[in-house]
Amino acid sequence: ADSICIKDMAGLLAPYDAYTLVKSLKKSVKPPIHLHSHFTSGMSPMSILKAVEAGLDIVDTCLSPYAYRTSHAALEPLVMSLLGTNRDTGFDINQLAGINEVLEKQVMPKYKHLLDDSKMSIIDINVLLHQTPGGMLSNLVNQLREMNALDKIDRVYKELPRVRKELGQIPLVTPTSQIVGTQTVNNVLFDDENERYKMITDQVKDLCYGLYGKTPVPIDPAVQQKALRGYKRGETPTNQRPAELLEPALEQAKSEIGGLAKDLDDLLLFSLYPVTGKKFLQWKYGIETPPDGVRALSLDEAKTRIEAAKKTLAGNPPEKKPKAAPKSENLRSFNVYVDQELFEVEVEETTDFSVAGPVPQAVRSNPPHIASTRPQTTSLQPKPNHAASQAVSTSEGQIVLEAPMPGMIVRFSKQVGDTVKQGEPLVILEAMKMENTLNSPASGTIREIFFDVGDAVAKDDQILLIDTQAS
């Protein structure tokens with residue numbers, strides 16, 4: 001081994017335990033000892049200092065603008081703490097201060113909107129109870145925010161240890177931390193008092209089959225049986241080495257991507273991420289124009305947004321831009337805040353309108369595979385201001401499959417004109433970095449598909465229409 005790394009993803013390592021562990025390792029092994037500890041619980045700076053006393057060779061830190069919260073401890077205090085000792089880092093605090101000034105003024109404003117401001121404290125002592133790693137914790141917050149369900153974060157923390165235990169106490173480190181985290185979110189959002197694991201990700205199914213190897217303790221038999229019901233590789237878990245079950249795929253990927261992959265890096269990117277990787281390569285080589293949503297903000301744009309938000313929060317909203325052309329007298333303006341960013345939205349009131357033929361208009365029902373009937377001619381009325389209201393009239397013979405969460409269409413198992421049976425897989429939706437199989441809510445014939453592979457969908461978007469009278 002070139003080095004031995006103690007990886008403390010959730011900041012659970014206590015200072016005196018760190019001292020004992022590093023001291024024992026230094027007596028027993030020759031490779032350098034490396035500590036990777038997240039700040040989440042607030043203990044990592046103390047644990048790092050005690051580990052240094054015990055002879056630690058390498059430690060992971062961050063420059064202060066990127067440090068703390070679920071990240072690492074800051075570099076600068078450690079540099080000053082060891083100044084003049086036999087473990088002096090040799091860093092120049094003046095140069096570090098200059099770097100920080102550049103980051104704070106020229107870089108960080110562009111990313112300020114990503115900062116987790118769901119609570120006042122920068123530490124989370126509850127991590128000592130739910131033991132969620134730092135990177136996983138920030139992912140959970142972002143996932144719930146995308147689902148408009150951030151208020152359920154406490155329920156997620158309670159459910160997470162239970163899911164981890166049922167899935168064999170797998171280590172909470174990439175990628176298994178994401179597998180456990182996403183399944184936990186699914187359970188909180190979609191389960192009810194009558195059934196748990198109503199929406200199981202494909203990666204949990206792979207885990208239960210054995211594609212991630214043997215878990216530290218056996219997987220809960222009931223969960224494993226449910227996950228493997230109808231699983232493509234079989235319903236009996238394997239004891240084989242997982243790599244023996246994988247077919248060579250690089251040559252196939254090369255033939256699929258063709259000349260779009262200019263080098264091995266491009267080919268590997270497509271192999272790992274067939275949908276998003278291909279889309280990125282199309283942006284990279286100018287075949288498609290990247291949407292504004294994936295473009296980085298300029299510093300000026302970021303500062304304008306921040307100042308606008310400050311003025312509005314202070315009760316002095318920024319002046320509205322002059323309109324380019326006269327608009328309807330029914331037009332109304334609203335200020336909308338998304339993660340502390342201000343957006344001005346104009347909405348035009350209408351009385352009634354009709355749309356001929358099926359349209360992808362969101363209709364809510366019960367997750368995980370949401371279905372509702374819809375007519376060929378739909379009359380849309382203004383919606384009352386409550387979520388339970390449905391603005392689409394219904395008729396017999398047609399059912400839509402809706403997205404239970406925001407995500408991206410990875411692939412369709414069926415196409416327009418195909419006959420489907422109730423419960424048959426129709427769509428693979430990538431959400432929260434995991435793949436979710438959406439099954440058919442009824443038997444019939446697919447009449448229309450409203451999205452393409454690679455398209456992003458919002459929660460409750462109608463993905464496809466099934467004609468049940470054609471079954």
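**Exercise 1. Place L128 and describe its surroundings on the surface.**

Step 1. L128 sits in helix α5, residues 127-130. Helices here are DSSP runs of H or I with at least four residues, strands are runs of E with at least two, and both are numbered from the N terminus.

Step 2. The model is predicted, so local features need pLDDT of at least 70 and side-chain atom pairs count only at pLDDT 80 or more, while totals for chains, interfaces and linings use all residues. Residues are numbered from 1 along each chain as its sequence is written, and side-chain values use heavy atoms, with hydrogens and water left out.

Step 3. L128 has a relative accessible area of 41%, so L128 is partly exposed. Buried means under 20% relative accessible area, exposed means over 50%, and partly exposed lies in between (1.4 Å probe, protein chains only).

Step 4. Together with L12, I125 and L129, L128 forms a nonpolar patch on the surface with about 400 Å² of accessible area. A patch is made of residues with over 30% relative accessible area and no salt bridge; like charges are joined within 9 Å and nonpolar side chains (Val, Leu, Ile, Met, Phe, Trp, Tyr) within 5 Å. Accessible areas come from the Shrake-Rupley method with a 1.4 Å probe, and for residues only the protein chains shown count as cover.

**Exercise 2. Determine how α9 is covered, and by which elements.**

Step 1. Helix α9 spans residues 202-209, and eight of its eight residues are buried. Among them are the charged residues D202, K205 and D206.

Step 2. The buried residues of α9 pack against α8 (176-190), α10 (221-227), β12 (425-431) and β13 (434-439). Contact means heavy atoms within 4.5 Å.

Step 3. α9 lies across β12 and β13 and runs at about 100° to β13. Axes are lines fitted to C-alpha atoms, for helices over the stretch in contact, and angles run from 0 to 180 degrees between N-to-C directions.

Step 4. After α9 comes G210, with a positive phi near 120°.

**Exercise 3. Work out the strand order of the sheet that contains β10, and find its edges.**

Step 1. The sheet is open, has four strands in the order β13-β12-β10-β15, and is paired antiparallel. β13 and β15 (456-457) each have a single partner strand, so one side of each is left without a neighbour in the sheet. Two strands pair if DSSP finds at least two bridges between them.

Step 2. β10 (residues 407-412) joins β15 over two antiparallel bridges, and G407 has V457 as its bridge partner in β15. On β12, β10 has four bridges, also antiparallel, with R411 opposite I428.

Step 3. Five of the six residues of β10 are buried. R411, at 39% relative accessible area, is partly exposed.

Step 4. Next to β15, A458 is in the loop between β15 and β16. The C-alpha atoms of A458 and G407 are 6.7 Å apart, although 51 residues separate them along the chain. Leaving aside neighbours within four places in sequence, A458 touches A403, M405 and P406.

**Exercise 4. Trace the pairing around β14.**

Step 1. β14 (residues 444-449) pairs antiparallel with β11 (residues 419-420) over two bridges; T419 is matched with T445.

Step 2. β14 also pairs antiparallel with β16 (residues 462-467) over four bridges, where I446 has I466 as its partner.

**Exercise 5. Compare three of the salt bridges by what they connect.**

Step 1. The structure holds 17 salt bridges. A salt bridge is a side-chain nitrogen of Lys or Arg within 4 Å of a carboxyl oxygen of Asp or Glu.

Step 2. K105 and E101 meet at 3.0 Å, N to O. Both are in helix α4 (residues 93-107), four residues apart, and therefore separated by about one helical turn. K105 is exposed at 51%, and E101 is partly exposed at 45%.

Step 3. E195 and K226 meet at 2.6 Å, N to O. E195 lies in the loop between α8 and α9 and K226 in helix α10, so the pair ties together parts 31 residues apart in sequence.

Step 4. R411 and E435 meet at 4.0 Å, N to O. This pair links strand β10 to strand β13, with the two residues 24 apart.
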